[in-house]
Amino acid sequence: MATKKMVDVFSDIDRDTALKANPSGYAITELAAEDDRIVTLTADLSNVLAEFRKAFPERYIELGIAETNSVSLAAGMASCGFRPYIFSMAPFGVLKTAEQLRTDADYNHLPVRLVGRLSGLAMGYFGTSHYAVEDLAIARMMANTTVVAPADPNAVLGIMRATADLDGPVYIRIAEATDPVYDEVPEFAHGQWPRLREGHDITLAGHGMGVGLAVGAAKVLQDEHGIGADVYDAAYIKPFDEAAIVATASRTGKVLTIEDHIEIGGLGSIVAETVGRHKLAVDLMQAALPDKDLEVGVPAELYEYYGLTVPGVVAKALELMKR
Amino acid sequence: MADDSLSARAGTSPATLDRERQVTDAELLRRADWIRLQTVELIAQAGLGHYSSTFSCAEIVATLYYHTLRLRPGEPDWADRDRFLLGKGHVATGLWPVLADLGYYPHSWLKQFGKVGSPLNDHPNMKLAHGIDFSSGSLGHNLSVGTGMALAGRLSGRDYRTFVLTGDGELQEGQVWEAAMAAGHYKLGNLVAIVDANGFSGSGPTSQAMNIEPLPDRFTAFGWLVREVDGHDVGALRATFDTLPDTSSEQPVCVIARTRKGHGVDMMEKQPQAWHLGLLTPEQQADVIAEITARMELAAGTAQ
């Protein structure tokens, strides 16, 4: 379990660990070197683009603390042939600008990318105003928008590569407190969930920080309880991997979803909607955030409180196995 | 003009309509009244529409499309075209006949206006109709979008201008001022905001709902070059647009066009609010058409 303190979230980037420390900032700098249509915009989040600004100062546009303007302005640039990536704190980037994302980017099928840093409870200590725990539910309602939630720094680079050429909008939800999942940068196929471990007793599927928890829990379940978990990286929230859900749910009959998102509208809902549509008799359970007022604290303690830890996921899995 | 398909047009080499095209004031006024007549007909066909807001900017739209904008209707995505954004998207009814007349799509499309599946609706959709540089409908967005287009012009080294027509009530939206701040900050002299200051929003006098004045001072304070003009004086509008600073200049321009909501139709000038959204009865429609037609005929007679 990551025990990152708040101070670390904003710390300066060590060049040698640029990808690990600031994966989206590193990834966009790499992508921009290959595609001169890429520009970046931030609403007062320039620190995450230090490398990009150094490499491409003229392609960086600071817009101050004005998120709604950033999204509509980016849509205007996209309509003129650019590929704008807006770097934003997830709560302000998605919730505050939902209507601009829908009306200006999504309805017009424009290649606006929103990179939501500090999603979920990553800014827990700052209070519930800084939570982005409804963002996936909002983003995946948008008909033409691709929604992705990478599991770790390598996955951030992999998924930003995989979505770079899409012609429509993309929401990239960046989780901060992730356990490493991928040893190398993975190649993602559009809308498909990598199967990280094969098992026949229970399915564990997560996105973002939930993937590392799923991988960690699967190991404990196997080593200590002899339970074989089928583990998926649900990196694509939209389009999601319907075939993978049907296949694994049919195999195991038990699906536990893991996400730092409200239990409504996110991955848990996606799985429930899918197994319902396919008339599969499947036991479902969620390790997610409750649909009520949330507590405030440093992220690591909040994750403990809400069971978004390896032991928490193992406990839920064992509960589901007993049903 | 006969209906012809877009594919047939694609075969011809696209002609450019240059900036500052030759046109008389009388012709622009006639064109503005033609927009009014077309609007009345389209609204009758659809069953509901925004009359008085469309009429307040008819001279502005006529001057831009028949004199000011650099366009290539046969190549609607031409990268160097001047952009026009209808921030006050609820007046698209007045734009549809103009774009058909300039050849962006066949006139037959107008007959589908307001029907399910029609590319032309009460608010404009860039995905459906050529000539629409950006969709609108949600007030307050398009000055941000236009600022993005102006920034894109700077980055790509193109000298197109981006015009954004906003309502005055629209200026109550906070996002407009985020955009105004950004345009001033980035010194976007290739951006022109035109405020159709007709003094009314949907429910009543604009500044009674929320004061927006003094508009010139407010835009000036945000770093804009401000020009104030009678929005129905096509000569003044033409002169204002003809003397815009070069696109490489370093101040965005705000043209505050003082207008009358419902201009050109006596009953609507007297009751602008009642005709923000509505439908004329057949008798009223006949009277309105007679009033506008008589004016056009009188102007034509005077011109001879």
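# Exercises on a predicted two-chain model

In this predicted model, 21 residues of chain A are in contact with 18 residues of chain B; contact means that the C-beta atoms, placed from the backbone, lie within 7 Å. Local features need pLDDT of at least 70, side-chain atom pairs count only at pLDDT 80 or more, and totals for chains, interfaces and linings use all residues. Residues are numbered from 1 along each chain as its sequence is written, while chains are lettered from A and ligands numbered from 1 in the order in which they are written.

## Exercise 1: the side of chain A that touches chain B

Find which helix gives the most to the side of chain A that touches chain B, then sort that side by class.

Step 1. Helix H5 (67–79) and helix H7 (98–106) of chain A each supply at least two residues. Helices (H or I, at least four residues) and strands (E, at least two) are DSSP runs, numbered from the N terminus.

Step 2. H5(A) gives the most, with 9 residues.

Step 3. The classes are 10 nonpolar, 9 polar and 2 charged residues. Ala, Val, Leu, Ile, Met, Phe, Trp, Tyr, Cys and Pro count as nonpolar; Asp, Glu, Lys and Arg count as charged; the others, Gly among them, count as polar.

## Exercise 2: the 7-stranded sheet

Give the strand order of the open sheet of 7 strands in chain A, and place S1(A) in it.

Step 1. The order is S2-S1-S3-S4-S6-S5-S10, with mixed pairing. Strands pair if DSSP finds at least two bridges between them.

Step 2. S2 and strand S10 (236–238) of chain A stand at the edges with a single partner strand each, so one side of each lacks a neighbour in the sheet. Neighbouring strands are turned by 20° against each other on average, direction ignored.

Step 3. Turn to the partners of S1(A). Strand S3 (residues 83–89) of chain A pairs with S1(A) in the parallel sense over 5 bridges. Thr40(A) stands opposite Tyr85(A), and Thr42(A) opposite Phe87(A). Strand S2 (residues 60–62) of chain A runs parallel to S1(A), joined by 3 bridges. Leu41(A) has Ile61(A) as its bridge partner there.

Step 4. Follow the chain from S1(A) to S2(A). The path goes through helix H4 (residues 50–55) of chain A, and this β-α-β crossover is right-handed: with the strands pointing away from the viewer, the path from the first strand over the helix to the second runs clockwise.

## Exercise 3: burial of S1(A)

Are the faces of S1(A) covered or uncovered?

Step 1. Strand S1 (residues 38–42) of chain A has 5 of its 5 residues buried. Buried means 20 or more other C-beta atoms within 10 Å of a residue's own; exposed means 12 or fewer; partly exposed lies in between; C-beta atoms are placed from the backbone.

Step 2. Both faces are covered. Ile38(A), Thr40(A) and Thr42(A) lie on one side, Val39(A) and Leu41(A) on the other.

## Exercise 4: the overall form of chain B

Why does the radius of gyration of chain B agree with a compact globule?

Step 1. With 304 residues, a compact globule would have a radius near 19 Å; chain B has 18 Å, which agrees. The radius is taken over C-alpha atoms, and the globule rule is 2.2 Å times the number of residues to the power 0.38.

Step 2. The C-alpha trace of chain B spans about 55 × 50 × 45 Å along its principal axes.

Step 3. Of the 304 residues of chain B, 51% count as buried. Chain B has 12 helices and 7 strands.

Key
Contact = placed C-beta atoms within 7 Å. Axes fitted to C-alpha atoms, helices over the stretch in contact; angles between N-to-C directions.
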